[in-house]
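The report below goes through one chain, beginning with how its strands are paired and then turning to its interior, its helices and its loops. Please keep the sequence and the model in view while reading.

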Amino acid sequence: MGLKIHIHDLKVQKCAELKGSVVIMPSELELPEMRGVEWHPWSLEYRLTKAGNLFLLSGELKAPVSLECSRCLKPTDTELNIEVNEQFSNQELEDDEIHVFRGDDLDLTGVLRDSILLSLPEKPLCSPECRGLCPYCGTDRNLHNCTCAPRETDPRLAVLEKLIRK
Ligand SMILES: [Zn+2]
Ligand SMILES: [Zn+2]
């Protein structure tokens with residue numbers, strides 16, 4: 001499971017780089033269950049090179065995803081595009097930035113999963129102008145105007161209004 005790249009040839013320097021493109025199924029990545037988030041297959045174009053004891057991965061990851069609009073709750077399709085730049089080593093190093101791996105397979109699963117999760121928008125919107133749901137009656141204000149809107153007065157004014165009515 002997950003995404004592994006066989007790097008033996010690069011390791012023994014039979015080649016100068018490894019290039020490829022892969023499609024990754026979301027089910028392979030053990031993504032956490034998230035409300036309103038629906039993943040579609042990701043695609044990765046990558047290039048791997050060796051520099052001393054380091055293996056350098058650069059690439060472009062595209063992850064289409066459906067997210068719930070944070071204002072009106074409508075499912076909204078978007079695509080996350082991420083530049084991937086990571087370093088790997090098969091030796092134990094005192095550097096948190098470098099991922100350690102064993103053997104001839106480079107496992108990219110965790111690295112890709114983390115970079116995607118970090119780039120998920122905190123408050124996705126179906127459009128920057130989304131008017132959201134009415135907090136009083138729940139009407140989708142992108143579709144209908146409800147009559148609750150005029151009630152949105154300044155609470156300090158509401159107090160004054162009460163006094164005047166007495
Ligand atoms: Zn919306
Ligand atoms: Zn309303």
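## Strand pairing around strand 5

Glutamate 45 stands opposite glutamate 60 of strand 5, in a model that is predicted. Helices and strands are DSSP runs numbered from the N terminus, a helix being H or I over at least four residues and a strand being E over at least two. Strand 4 (42-51) and strand 5 (residues 54-68) run antiparallel and are joined by nine bridges, where two strands count as paired if DSSP finds at least two bridges between them. These two strands form a hairpin with two residues between them, and glycine 52 in that turn has a positive phi of about 65°.

Strand 5 also pairs with strand 6 (residues 75-89), in the antiparallel sense and over 15 bridges; one bridge partnership sets leucine 56 against glutamine 87 of strand 6. Here too there is a hairpin, with six residues between the strands and with leucine 73 in the turn at a positive phi of about 70°. Strand 3 (residues 38-39) is a further antiparallel partner of strand 5, over two bridges, and in this pairing tryptophan 39 has valine 65 of strand 5 as its bridge partner.

## Nonpolar core

The largest nonpolar core has 19 residues, and those with the most contacts inside it are Leu44, Phe55 and Leu112. Such a core is a set of buried Ala, Val, Leu, Ile, Met, Phe, Trp, Tyr and Cys residues joined through C-beta atoms within 7 Å; a residue is buried if 20 or more other C-beta atoms lie within 10 Å of its own, exposed if 12 or fewer do, and partly exposed in between, with C-beta atoms placed from the backbone. Strand 4, strand 5 and helix 2 are the elements that give two or more residues to this core, and strand 5 supplies the largest share, six residues.

Leaving aside neighbours within four places in sequence, phenylalanine 55 is in contact with Ile7, Leu48, Lys50, Phe88, Ser89 and Leu106, where contact means that the two C-beta atoms, placed from the backbone, lie within 7 Å. Over the whole chain, residues 24 or more positions apart account for 54% of the contacts with a separation of 6 or more, while buried residues make up 14% of the 166 residues.

## Helix 2 and isoleucine 116

Which residues of helix 2 are buried? They are Leu112, Arg113 and Ile116, and they lie on the same side of the helix because they cover an arc of only 100° around its axis, the arc being that of the directions from the helix axis to the C-beta atoms. The face turned away from this buried side carries the exposed residues Asp114 and Leu118, whereas the cover over the buried residues includes strand 4, strand 5 and strand 6.

Isoleucine 116 lies in helix 2 (residues 109-119) and counts as buried because it has 20 C-beta neighbours inside 10 Å. Outside its neighbours within four places in sequence, isoleucine 116 is in contact with Ala63, Leu80 and Ile82. The C-alpha atom of isoleucine 116 is separated by 9.2 Å from that of lysine 62, although these two residues are 54 residues apart along the chain.

## Loop residues with positive phi

Most residues other than glycine have a negative phi. Glutamine 13, which is not a glycine, nevertheless has a positive phi of about 60°; it is found in the loop between helix 1 (8-11) and strand 2 (17-24), and it counts as exposed because it has 8 C-beta neighbours inside 10 Å.

Glutamate 30, likewise not a glycine, has a positive phi of about 50°. Its place is in the loop between strand 2 and strand 3, and glutamate 30 is exposed, with 11 other C-beta atoms within 10 Å.

## Overall layout and confidence

The chain has three helices and eight strands, and along the sequence these follow the pattern β-α-β-β-β-β-β-β-β-α-α. The mean pLDDT, which is the predictor's confidence in each residue from 0 to 100, is 89 for the chain, and 89% of the residues reach 70 or more. Confidence is highest in strand 5, at a mean of 96, and lowest in helix 3 (residues 155-165), at 64. Where pLDDT is low, the predicted coordinates should not be read in detail.

Residues are numbered from 1 along each chain as its sequence is written, and chains are lettered from A and ligands numbered from 1 in the order in which they are written. In this predicted model, local features need pLDDT of at least 70 and side-chain atom pairs count only at pLDDT 80 or more, whereas totals for chains, interfaces and linings use all residues.
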